[in-house]
Amino acid sequence: MSATVATPLLQTVARKVPYFVPALVAVAVMLLLTASESETFLSGGWKLVLVYASPLVLLAMAQAPVVLSGGGGLDLSVGPTAGLVSVVIAAVLIPRDLSVAWLVIVVALLTGAAAGAVNATLVTLVRIPPIIATLATYLVFAGLATQVLGAPTGFLPEWMSWFTSVDGVLPNVLYVILGVGLVWLLLTRTAYWRNLLMVGSNDRAAYTAGVNVTAVRFLAYLLTGVMAGVAGLVLTAVLGGADATVGPTYTLQAIAAVALGGLSLAGGRGGLFGAAVGAVLLFLIQNYLTLTEASSFELQMAYGVVLIVAIVANGAWDRKRKAR
Amino acid sequence: MSTPPLEPAVVELAGITHRYGPTVALSDCRLSIAPGEVHGLVGENGSGKSTVVKLLSGIMRPTEGEVRVGGKAVDLRSPAAAQRHEIVTVFQETLVSDECSGLDNVFAGTDGIFRRARSGRAEREAAERVVASLGASPAILQSSPHHLSLAERQVLTLTRALVRPWKLLILDEATSALDLSTRDRLFAVLADHRREGRSVLFVSHRMDELEILIDRATVQRSGRTVGTVGKDEATPARLLSMMSGRSDAGEHHVRAGARSRQAADVVLRGVDLSLVAQAPAFDLDVRRGEILGIGGLDGQGGSHLVEVLAGVRPTASGRVEVDRDGSWTRVTGYRQAFRSGIAYVPGKRQEEGLFPSMTVGDNLSMATLPRHARAGLFRSSSVLTRVREEMTRLGVVPHDPSYPITGLSGGNAQKVLVGRWLAAEPDVLILNDPLRGVDLGTKRDFYALLRELTEAGTTVVMLSTEIEELLTCCDRVAVCQAERVFDVLEGEDLTYDAVLAAMFGRHVSDEQSSDEQSSDHDTHRKVTL
Ligand SMILES: Nc1ncnc2c1ncn2[C@@H]1O[C@H](COP(=O)(O)OP(=O)(O)OP(=O)(O)O)[C@@H](O)[C@H]1O
Ligand SMILES: [Mg+2]
């Protein structure tokens with residue numbers, strides 16, 4: 001139908017190469033830098049780095065479904081949700097001796113799901129813009145967590161140390177992350193994946209084609225909540241207890257990680273893998289700056305600069321890809 | 001006035017009223033579609049055609065009245081519900097997602113939330129069959145649609161409708177984005193379906209298509225149903241007079257006086273121009289004060305050419321130059337072209353033209369705001385006066401600058417887009433298929449407006465997919481074929497057959513020597529059911 005047009009190399013690359021590759025390359029660079037700065041990193045230090053990075057990685061993954069679902073999709077409350085989960089575990093379950101593994105895990109997932117359902121209802125049924133709705137729930141969940149747990153506690157059941165163990169070939173948290181990834185992978189095999197991308201990139205097209213836009217978005221918020229629940233569980237283990245003030249600090253980092261990972265904040269492009277890679281990248285940058293003894297101001301500024309560079313590069317990449 | 005349907009209606013609208021806030025888009029609308037018929041729905045811009053389409057497709061529910069499917073009142077509360085009643089629609093806007101593959105665009109919405117209705121393979125086969133029947137390449141299903149042309153995108157939305165089970169297919173100006181050969185293929189496909197007892201609701205402004213295709217037609221005027229006429233009565237003159245309520249409306253096919261311009265007085269030129277890499281180079285002169293038409297089949301370089309002339313798209317080689325007070329200035333980009341007096345009206349109205357969150361007035365005054373500024377501040381009263389003038393000149397309905405642009409009918413939105421650049425009073429106005437989806441009355445006014453502009457010294461370059469339009473309104477026509485200007489026709493040589501032949505890379509003089517080829521021609525002009 002149309003004449004063949006020779007496309008410039010850069011454009012072909014931008015079209016063929018998956019969205020997460022630039023972030024992956026950046027991670028490789030950061031790994032090299034880190035290894036050159038710290039001798040123990042390659043021989044096992046990386047496992048600990050991964051353990052400390054894991055709450056952020058999981059929260060970035062949690063952020064992905066809502067961002068993908070488009071329509072300004074965003075969940076500011078993921079951090080507080082994770083915080084709330086850890087408070088529920090440490091201040092509600094454990095003092096009552098309800099610390100069996102299965103029960104703690106189920107409660108963590110349900111708490112996350114409940115938080116997700118609240119967001120989903122506000123955004124898709126009440127139709128409040130996501131940034132406002134989840135800002136409200138951010139405040140509510142954070143407040144609730146402080147209410148329940150005034151001061152940090154540090155008593156955890158034995159089994160929870162499994163999450164932070166680095167004795168195996170791979171650190172155990174990696175299995176948690178891979179498990180979440182696997183569930184997501186199965187989900188992308190269903191029609192939900194196509195529904196989600198279609199809704200995220202052009203909701204009018206999706207709606208007129210017969211996709212149930214409300215249900216697809218509702219589910220995205222719910223999934224985000226459940227994953228934030230998993231993150232809360234891991235966060236509790238990594239902290240070795242609960243602290244109501246820690247959760248909220250993760251929210252903005254998780255969103256930055258999603259942008260770094262190559263997901264389109266406008267929705268419809270990306271995936272959980274990219275979000276995870278973005279989180280690892282962000283954590284490695286932070287880790288490297290700490291190794292090189294940068295001050296916390298410099299750290300903050302570095303975050304900001306990295307984020308701007310990532311978003312600009314993302315946009316340029318996208319323009320190349322879409323150029324006719 | 002109306003002929004009774006022979007069998008019970010597939011779909012029926014009874015006593016429908018629809019309001020958008022205070023705007024009454026439909027009042028007492030009646031429509032009845034019989035099995036196995038192609039039913040035309042015609043009316044001027046804003047007469048409520050798309051509103052009817054939206055009610056039948058489950059996008060909106062009527063304020064009052066009843067939708068009946070197979071004689072029973074139904075509640076089409078969502079597009080999915082309409083599809084369950086086997087009503088499928090191709091909308092006036094080409095609704096495709098750029099992030100999903102063509103195939104996903106076609107089948108999204110057929111599945112449940114998790115459950116897939118078909119295997120990937122079954123999907124591919126079904127879609128490829130439909131795409132092939134429309135004469136398009138199956139490659140459009142594989143990649144994501146960013147770089148597809150408007151026509152190819154429209155093939156995707158047609159495929160989306162045709163792969164679903166349907167008894168009523170609604171085409172809301174779906175043909176206006178198609179090129180001739182695809183359109184003819186579509187008509188042939190529709191003929192087959194019609195024989196199997198399926199019905200089509202066909203919304204179009206193109207009288208030639210209506211004449212070929214329809215069995216009956218219903219006419220809308222300002223939201224009211226004027227009546228339904230049978231094929232014999234549905235002549236262009238009759239339909240036009242029913243649409244406008246005047247009796248003289250049919251007589252518009254007068255060729256505007258084409259004048260030949262001084263060949264020497266060139267205002268814009270392409271030198272050694274090559275549109276895409278490896279395409280043959282050519283020269284093109286645009287003469288001061290002329291209306292130069294650009295024709296050609298879709299994908300043959302027509303829209304590349306206008307984009308290159310407007311500086312929106314870089315040339316593969318060669319250069320475009322514009323006359324600035326006697327010296328040639330090279331066109332290097334869009335802004336620079338605009339400063340050199342070239343204004344460009346893009347073709348994809350949704351994506352490239354309008355600002356959906358703004359009002360009609362804002363959209364109209366966008367390009368000219370700086371002129372109304374004093375010390376960087378806009379004088380809104382002077383902007384408003386200008387906007388009102390422009391809206392009157394173009395006949396934008398409703399005549400309200402504060403109306404949201406998304407509340408305009410498709411044709412009226414197009415008028416606003418064109419009007420924005422007219423307001424900039426450019427030396428050279430380049431239009432990429434400006435009258436897609438605009439009704440005949442407005443088209444006629446628009447041709448007259450272009451004439452007026454050229455009288456005042458403006459030069460117009462206009463791409464059109466309709467040969468009739470090129471003949472009616474242009475002084476010369478450059479026909480693109482295989483990414484170059486194949487021929488420039490003017491005066492005596494500018495005929496329907498010559499343009500058509502050039503679109504296929506032939507000269508009409510070659511054609512006349514061979515009877516076989518000229519009958520080949522006719523099949524492109526008319527496809528009968
Ligand atoms: N979303 C909306 N909000 C407010 N008014 C609207 C909206 N959609 C349509 N209208 C108004 O309803 C009337 C009918 O519009 P409709 O789109 O049905 O016209 P149409 O016959 O399809 O015209 P066209 O040939 O230009 O596509 C117009 O006056 C239009 O301005
Ligand atoms: Mg319309």
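Buried, as the word is used here, means a relative accessible area under 20%, exposed means over 50%, and partly exposed lies in between, all with a 1.4 Å probe and protein chains only. By that rule Gln92(B) is buried, because its relative accessible area is 11%. The model is a predicted one, in which local features need pLDDT of at least 70 and side-chain atom pairs count only at pLDDT 80 or more, whereas totals for chains, interfaces and linings use all residues. Residues are numbered from 1 along each chain as its sequence is written, chains are lettered from A and ligands numbered from 1 in the order in which they are written, and side-chain values use heavy atoms, with hydrogens and water left out.

Gln92(B) leads to the metal site. The magnesium ion, ligand 2, has as its protein donors Ser50(B), through OG, and Gln92(B), through OE1, at 2.0 to 2.2 Å. These two residues bring together distant parts of the chain, since Ser50(B) belongs to helix α1 (residues 49-56) of chain B and Gln92(B) to the loop between β6 (87-90) and α3 (102-107) of chain B, 42 residues apart. Donors are N, O and S atoms within 2.8 Å of the metal (3.2 Å for Na, K and Ca), and sites may look incomplete because water is not among the atoms. Helices (H or I, at least four residues) and strands (E, at least two) are DSSP runs, numbered from the N terminus.

The next residue to consider is Glu93(B), whose side chain meets that of Arg204(A) in a salt bridge of 2.8 Å, N to O. This pair crosses between chains, running from the loop between β6 and α3 of chain B, where Glu93(B) is placed, to helix α9 of chain A, which holds Arg204(A). A salt bridge here is a side-chain nitrogen of Lys or Arg within 4 Å of a carboxyl oxygen of Asp or Glu. Both partners are partly exposed, Glu93(B) at 23% relative accessibility and Arg204(A) with a relative accessible area of 45%.

Across the interface as a whole, 33 residues of chain A are in contact with 49 residues of chain B, contact meaning heavy atoms within 4.5 Å. The area buried between the two chains is about 3200 Å², and carbon and sulfur atoms give 58% of it; buried area is the accessible area (1.4 Å probe) that two parts lose on being put together, summed over both. Five salt bridges are counted between chain A and chain B, and one that joins these chains pairs Arg194(A) with Asp104(B), their closest N and O atoms being 3.0 Å apart. On the side of chain A that touches chain B, the elements giving two or more residues are α8 (191-201), α9 (203-209), α10 (213-239) and α13 (296-322), and α8(A) gives the most, with seven residues.

Within chain B, strand pairing can be followed from strand β1 (residues 11-20), which pairs with strand β4 (residues 64-69) in the antiparallel sense over five bridges; two strands pair if DSSP finds at least two bridges between them. Val11(B) stands opposite Val69(B) of β4(B) in this arrangement. On to strand β5 (residues 72-74), β4(B) pairs again in the antiparallel sense, over three bridges, and Val67(B) has Val74(B) of β5(B) as its bridge partner. A hairpin is formed by β4(B) and β5(B), with two residues between them, and Gly70(B) in the turn has a positive phi of about 55°.

Farther along chain B, Thr225(B) is placed in strand β10 (residues 224-230) and counts as buried at 10% relative accessibility. A polar atom of its side chain lies 3.0 Å from the backbone nitrogen of Arg30(B), and the side chains of Thr225(B) and Gln220(B) are joined by a polar contact of 2.9 Å. A polar contact is a pair of N or O atoms within 3.5 Å; within protein, one must be able to donate a hydrogen and the other to accept it, and residues adjacent in sequence count only if both atoms are side-chain atoms.

Lastly, a salt bridge of 3.5 Å, N to O, joins the side chains of Glu490(B) and Arg287(B). The pair links distant parts of the chain, with Glu490(B) in strand β22 (residues 484-490) and Arg287(B) in strand β12 (residues 282-287), 203 residues apart. Glu490(B) counts as partly exposed at 31% relative accessibility, whereas Arg287(B) counts as buried at 11%.
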